Every structure is written in structure tokens, then in C-alpha cells.
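Biologist: Could you take me through this model? I'd like to hear the reasons behind the words you use.

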Amino acid sequence: DYLDRPTHHQLDREILLEPEPPLSVSHFTHVIRRYSAVILLSLAGVFLAYLIIALAVYLMSPVTQITSQMFRLDWRPDSHPRLAGQSPRRLHRVR
């Protein structure tokens with residue numbers, strides 16, 4: 001009884017030698033059509049979960065504050081060079 005059992009090597013050879021039936025494209029299209037509602041619902045669920053997580057991360061992220069500073073140009077006529085003999089009030093009359 002024990003000697004009549006096939007060995008592991010014989011079983012492996014039998015499995016490898018038996019050809020499997022070929023898979024057809026029509027089989028895949030029928031399966032996809034059959035489960036299209038489930039596929040669409042799962043895709044919608046994944047999209048909704050991503051949307052919720054992305055929104056939560058965006059809302060919980062640290063806020064960047066932008067500060068503005070007033071611009072003021074301090075122009076003093078004494079700090080700019082003048083022509084010899086010209087007063088600051090006559091600079092616009094220089095020819």
C-alpha cells in the first residue's frame with residue numbers, strides 16, 4: 001500500500017505535463033462586465049477616501065502667514081551728490 005503511492009517527483013511531472021486550458025479574452029470581458037458595478041463602486045470608494053484624506057491633510061497642515069511691510073523710500077537731497085555751486089532746489093534747472 002505504501003509502495004504503490006506516487007512519489008513527489010512523479011506528482012510534479014504529472015502536474016507539469018497536463019496542459020491547462022487556454023484563457024480566452026471573451027472570458028475576461030464577461031467577468032469584467034459581470035463585476036462592473038462592483039468595480040465602479042470600489043473605484044468610487046477609493047476616490048472618496050483619497051479625497052477625504054487629502055482634504056484632511058490640507059486643512060491640518062501648518063498655515064503659512066504672509067506679512068507685508070510698508071515700503072518707504074527715504075530720499076534726502078543731502079545724501080545725493082550735487083554739481084558744484086548748485087543748491088538742491090536748483091537741481092531741476094541743470095542744463
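Modeller: Happily! This is a predicted model, and the protein has a mean pLDDT of 76, with 56% of its residues at 70 or more; pLDDT is the predictor's confidence in each residue, from 0 to 100. Local features need pLDDT of at least 70 and side-chain atom pairs 80 or more, while totals for chains, interfaces and linings use all residues. Residues are numbered from 1 along each chain, and side-chain values use heavy atoms, without hydrogens and water.

Biologist: Which elements have the lowest and the highest mean pLDDT?

Modeller: Helix H1 (residues 8-17) has the lowest, 62, and H3 the highest, 97. The protein has 3 helices and 0 strands, where helices are DSSP runs of H or I with at least four residues, strands are E runs of at least two, and numbering starts at the N terminus.

Biologist: How do you know that the span of H3 agrees with its 25 residues?

Modeller: The expected span is 1.5 Å times one less than the number of residues. For H3 that gives 36 Å, and its end C-alpha atoms are 36 Å apart, so the two agree.

Biologist: Why do you say that H3 lies largely in the open?

Modeller: Because the number of buried residues among its 25 is 0; buried means under 20% relative accessible area, exposed over 50%, and partly exposed in between, with a 1.4 Å probe and protein chains only.

Biologist: And what makes Leu40 exposed?

Modeller: Leu40, in helix H3, has a relative accessible area of 58%, so it passes the cut-off of over 50% and counts as exposed.
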